[in-house]
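Here are my notes on the model you sent, set out as numbered points. I take the ligand sites and the contact between the chains in turn.

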Amino acid sequence: MSAPLLSIEDVAVELPTPRGNLRAVDHVDLALEAGRTLGIVGESGCGKTMLSRAILQLLPKKAKLTGRVMFDGQDLVRLDAESLRRLRGRDLAVVFQDPMTSLNPVLTIGTQLMETIQEHLELDAPAARKRSIELLAAVGIPAPEQRLAQYPHQCSGGMRQRIAIAIALSCEPKLLIADEPTTALDVTIQAQILDLLAREQRRRHMAMILITHDLGVVAGRADEVAVMYAGRVVERAPTPALFKRMHMPYTEALLAAIPKLETAPHTPLPAISGRPPDPTRPLQGCSFAPRCRYAAGRCHQAKPELTGAEMPGHLYACFHPIQMAEGLDA
Amino acid sequence: MMQVAARAKSDEPLLKVDNLVVEYGLGNKIVHAVSGVSLDVARGETLGLVGESGCGKSTLGRAVLQLRRATSGRVLFDGEDLTAMQGEPLRKMRRRVQLIFQDPIASLNPRRRIGDIVAEPLIIAGIKDAEKRTQLVHEVLSAVGLDPDLVVGRLPHEFSGGQCQRISIARSLVLNPEFIVCDEPVSALDVSIRAQILNLLEEMKARFGLTLLFIAHDLAVVKAVSDRVAVMYLGRLCEVGPSEQLFAKPAHPYTALLLEAIPVPDPDVRPAGSVATGEPPSPIAPPSGCRFRTRCPRADQRCAAQMPELREVAPGQLAACHHPLT
Ligand SMILES: Nc1ncnc2c1ncn2[C@@H]1O[C@H](COP(=O)(O)OP(=O)(O)OP(=O)(O)O)[C@@H](O)[C@H]1O
Ligand SMILES: Nc1ncnc2c1ncn2[C@@H]1O[C@H](COP(=O)(O)OP(=O)(O)O)[C@@H](O)[C@H]1O
Ligand code: SF4
Ligand code: SF4
Ligand SMILES: [Mg+2]
Ligand SMILES: [Mg+2]
């Protein structure tokens, strides 16, 4: 097995708040090889964005980051600002939920694309222009030449996200982090954007982290899935293994809460009651215990560690895992 | 608990929208947001309304409530034409119909306390007795699962998206309305909170005897709560039918496209590649004939020449297509 392109080792992020320290990411370990897609799933506020910002070294100034982020042989946490800036936008690219986060409203689309390309690759203006047009065409934008002269506000939300993806892909990154790239979009446009990302990812042998709150989004599109809850990874497995047998009650609950087309109208949805715990007031036991229907005994006293199941690569953090094979139940 | 007003039983639909046209001026151009929509909502029914962003769902919902006046067409509520009403009679009528917005946080005034926000419709409706108002606010906040004593004194930013949506649902219920337009009430919420709010809406509907127009862009969400579903594309209805039937046997190619686009939480189901068929054209210059024809795999010359009318394809199911799938 080749060395992973990205390896997140014991990463923790703390943010000081008036209410006390907030642990947004709580000692996470993850690895990703070139050409593979890792899905990160969890509810709002569980730390997905903070984790991706920790990888990119784009955390809020007051944030405290510990651990290592090994990318292509170097630790990004200890890399100087100038090297980081060169890395981001070239080898390390990101697409945010709101495309306007990465687009500049006062510059034309052409200027933004060509600036990125010329900053990171040694191309002259005509070559950069040609490449910009190719990229816009690749992300499914009709009449790309005309688009170059337009401003972001003249495009629909779906178009803007395509353009943000074109900019992210412009320098052939080795890793693309897509943080809820389709949450703000319609289902049809969502499907188009996810297909586009998958196609470009395969074509470029790029590694991708796909962040979402919807297990349905990662099911057909990620090689591996990590489920996050209250800042921690609570289950991690190759996608087929996860959907075949989820061991974490939280993963099961997340899946059950999605409305299904097969279900008859007016069937009450199995919602997860309540909210995740206040991240400035960590619980002593399992963070999911107040909402978990299997919670018992130890769950309220101790934190379950991420441990291996019977299948290689399948990890879970639970004292009473569900759907275990015969004889392995804890 | 609140009194559910004795409601006249009648077979007449509570809401009848008849050939409604709504347009916006944009410079010297016209945005054809809603172009001749007709639909009925029976008493106690939930009608789901789905379609992509910009297709005119919110405009239709707002025109039904007379928050935006229609260019032409009629909106009959309980037999009375709202489009012909003005002044005091319209104000009275508005107590019976309410709106819940998509963005739960933005729809609440950030500087007002929750108690005042929820009481606002009561003040507008002229309920002068402050004690009575407080009592109604407390009842309705408990009904949506919030602890009135803990929330009335706080400001919207102190609440999560899901809690803000509970608060706006409470506000929409406080006047004991008969009909509520829910405009994408769960689109901005994540999966777990979405399920809580959908369940809450169902409970409230049963408890208060409501009739709902439920707008969303996600078909699975719509199906969870709707008796019938109407599919809208670029200002027109494509298809209307009972939920189960419409989802099992869509007749309109656009309904089929929407169904394919739903992400399925099953890794063995490979996402269909066929939905990559572009975005809706501009409502400033909609295509001739069938408005869906620029993205439709079945489009032919007739589709460009002639506008398809809604007609029955199965009992209770209507589709506007020259070449329906069933
Ligand atoms: N700049 C900040 N200062 C303080 N706390 C923050 C900041 N940004 C995020 N947080 C907190 O950190 C935790 C994790 O936030 P994060 O944004 O990573 O979650 P998320 O899973 O991406 O959620 P969402 O889906 O809502 O974006 C949350 O409790 C959040 O309130
Ligand atoms: N105030 C307005 N002025 C001009 N055009 C508008 C206005 N509001 C909405 N529109 C346009 O009308 C169409 C329908 O909008 P809307 O009803 O808000 O769609 P939806 O709710 O389905 O997203 C869109 O093309 C939109 O851009
Ligand atoms: S450890 Fe206990 S509370 Fe936590 S998920 Fe497992 S069963 Fe539920
Ligand atoms: S009328 Fe023609 S273009 Fe329109 S949906 Fe039917 S087949 Fe497609
Ligand atoms: Mg986020
Ligand atoms: Mg809308």
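1. Which polar backbone atom is 2.6 Å from an oxygen atom of ligand 1? The model is a predicted one, and in it the atom in question belongs to Gly45(A). A second oxygen-containing pair involves Met50(A), where a backbone N or O atom lies 2.7 Å from an oxygen atom of ligand 1. The side chain of Lys62(A) also takes part, since one of its polar atoms is placed 3.3 Å from a nitrogen atom of the ligand. Taken on its own, ligand 1 has 630 Å² of accessible area, and the protein covers 68% of that.

2. The wider surroundings of ligand 1 comprise 15 residues, of which Ser44(A), Gly45(A), Lys48(A), Thr49(A) and Met50(A) are the closest. By residue class the shell divides into seven nonpolar, four polar and four charged. Two elements of chain A, β2 (20-32) and α1 (48-56), each supply at least two residues of this shell, and the largest share, three residues, comes from α1(A).

3. For ligand 4, the surroundings comprise 13 residues, and those that come nearest are Cys290(B), Cys296(B), Cys303(B), Cys321(B) and His322(B). This shell divides into eight nonpolar, three polar and two charged residues. When reading that division, please bear in mind that Cys is counted as nonpolar here.

4. Turning to the contact between the chains, 47 residues of chain A are in contact with 48 residues of chain B. The area buried between the two is about 3500 Å², and carbon and sulfur atoms give 61% of it. On the side of chain A, the residues that lose the most area to chain B are Val187(A), Leu261(A) and His266(A), which together account for 20% of what that side buries.

5. How many salt bridges does the rule find across the interface of chain A and chain B? The number is zero, whereas the count of residue pairs in polar contact between the two chains, both residues being at pLDDT 80 or more, is eleven. The elements that give two or more residues to the side of chain A that touches chain B are α6 (157-169), α7 (187-204), α8 (215-219), α9 (239-244) and α10 (249-256) of chain A. Of these, α7(A) gives the most, with seven residues. The residues on this side of chain A divide into 22 nonpolar, 15 polar and ten charged, and the ten charged residues can be read alongside the absence of salt bridges across the interface.

Key: Residues numbered from 1 in each chain as written. Chains lettered and ligands numbered in written order. Predicted model: local features only at pLDDT ≥ 70, side-chain atom pairs only at ≥ 80, totals over all residues. Heavy atoms only, no water. Near = heavy atom within 4 Å. Polar contact = N/O pair within 3.5 Å; in protein donor to acceptor, adjacent residues only side chain to side chain. Areas by Shrake-Rupley, 256 points an atom, 1.4 Å probe, with all protein chains shown as cover. Helix = DSSP H or I, 4+ residues; strand = E, 2+ residues; numbered from the N terminus. Contact = heavy atoms within 4.5 Å. Buried area = accessible area lost by both parts, 1.4 Å probe. Salt bridge = Lys/Arg side-chain N within 4 Å of Asp/Glu carboxyl O.
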